[in-house]
Amino acid sequence: MGKKHYPVEHVGKRPKKTDAQKAEEKAVLVSLAGVFGLIVLFWLVYDQSASTWIFFARDHMNLTLWPLNITISADQAQGLNSLFIIMLTPFFIWLWGYLERLTGKPVPATRKIMLGFVLTTVCMAAMAFAGFLADSTGAKVSGWFIVLATFVITLAELCVSVVGLELAYTVASDQAKSTVTAAFLLTIFGGNFLGGFLSGQYPNMTPGSYFGLQTAIIGVATVLFYFVGKKFERK
């Protein structure tokens, strides 16, 4: 319905890239390699929310949310992510703008992503706590764990996913934007690919140990990202 309002695109034959342009494209990809490599680990942990989190909620959570007396299914918890994204996006637009006005300069993308890594670590630590609680007591833990964990992981997603995509597009030259953006999207593939192997171990571990392992993975990635981010900022 809105197509008539779109700008008219004139598609023509693009000139071949020069050697200098190819070298610049390669240099950008090399400089982003460390950042993108660690973002792969973010996706590895993040996308467990649509698999092993659901198994854990189904088997070890009381999904009647007290005191609201609302019962949700384990699968429905995933839907909260979409709701939280809609609710929280305006907040982050305001936050980054406020910090820019406060300091007089934009917040570097790597620091926004760093915040996302910290939030993911906190989230997984909470999930590990819930897992160990279920392991030790044998009783079902509160369904609020998955609600709050989904809220925090959504905060992290808005710091890593949106900002990482913007970073890829911004630092690339006009001739390399498609290539560098595709490289960022490959981080999602990499995280999902590795996450598939990791989630296969869920039946062989207790929930506490499994989520504890994820906490360790994202915790180490967070420490490494601090140094990688600083190096990228200096460049």
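## Exercises on a predicted seven-helix model

Pro 67 sits in the loop that links strand 2 (64-65) to strand 3 (70-71). Keep in mind that this is a predicted model; the exercises start in that loop and then move out to the helices.

**Exercise 1. Look at the backbone around Pro 67 and Asn 69: what is the omega of the peptide bond from Trp 66 to Pro 67, and what is the phi of Asn 69?**

Step one: recall the background. Most residues other than glycine have a negative phi, and most peptide bonds are trans.

Step two: check the bond from Trp 66 to Pro 67. Its omega is near 0°, making it cis.

Step three: go on to Asn 69, which lies in the loop between strand 2 and strand 3. Asn 69 isn't a glycine, yet its phi is positive, at about 60°.

**Exercise 2. Write down the order of the elements from the N terminus on, and say how many helices and strands there are.**

Step one: walk the chain. The order comes out as α-α-β-β-β-α-α-β-α-α-α.

Step two: tally it up. You should get seven helices and four strands.

Step three: put a box around the C-alpha trace. Along the principal axes of the chain, that trace spans about 65 × 40 × 40 Å.

**Exercise 3. Compare the expected and actual spans of helix 1 (residues 19-46), then do likewise for helix 7. Where does each one bend?**

Step one: take helix 1. With 28 residues at 1.5 Å a residue, it should span 40 Å; the C-alpha atoms at its ends are 38 Å apart, so the two agree.

Step two: find the bend. Helix 1 turns by about 50° at Ala 33.

Step three: repeat for helix 7. It also has 28 residues, and the distance from its first C-alpha to its last is 40 Å, close to the expected 40 Å. Helix 7 bends by about 25° at Phe 225.

**Exercise 4. Classify the crossing of helix 3 (residues 79-103) with helix 5 (residues 144-171), and list what makes the contact.**

Step one: pick your descriptors. Two packed helices are described by the angle between their axes and the distance between the axes.

Step two: get the values. The axes of helix 3 and helix 5 come within 9 Å and cross at roughly 45°. That angle makes helix 3 oblique to helix 5, and the crossing is right-handed.

Step three: list the residues. Helix 3 brings a set including Leu 80, Phe 84, Leu 88, Phe 92 and Trp 96, while helix 5 brings Val 147, Phe 151, Leu 155, Glu 157 and Leu 158, among others.

Step four: sort the contact by class. You get 11 nonpolar residues, four polar and one charged.

**Exercise 5. Now treat two pairs that involve helix 4 (residues 109-137): its crossings with helix 7 (residues 207-234) and with helix 2 (residues 52-60).**

Step one: the axes of helix 4 and helix 7 come within 8 Å and cross at roughly 165°. With angles over 145 degrees counting as roughly antiparallel, that is how helix 4 runs relative to helix 7. This crossing is left-handed, and its contact holds 16 nonpolar, 12 polar and four charged residues.

Step two: for helix 2 and helix 4, the axes come within 12 Å and cross at roughly 35°. The crossing is left-handed here too. Helix 2 contributes Trp 53, Phe 56 and His 60, and helix 4 contributes residues including Cys 123, Met 124 and Met 127.

Step three: by class, the contact of helix 2 with helix 4 has seven nonpolar residues, two polar and no charged ones.

Definitions and conventions
Residues numbered from 1 in each chain as written. Predicted model: local features only at pLDDT ≥ 70, side-chain atom pairs only at ≥ 80, totals over all residues. Heavy atoms only, no water. Expected span 1.5 Å × (residues − 1). Bend = angle between axes of the 7 residues up to and from the residue. Axes fitted to C-alpha atoms, helices over the stretch in contact; angles between N-to-C directions. Parallel < 35°, antiparallel > 145°, perpendicular 65-115°, else oblique. Left-handed = near helix turned anticlockwise from the far one by under 90°. Contact = heavy atoms within 4.5 Å. Nonpolar A, V, L, I, M, F, W, Y, C, P; charged D, E, K, R; others polar.
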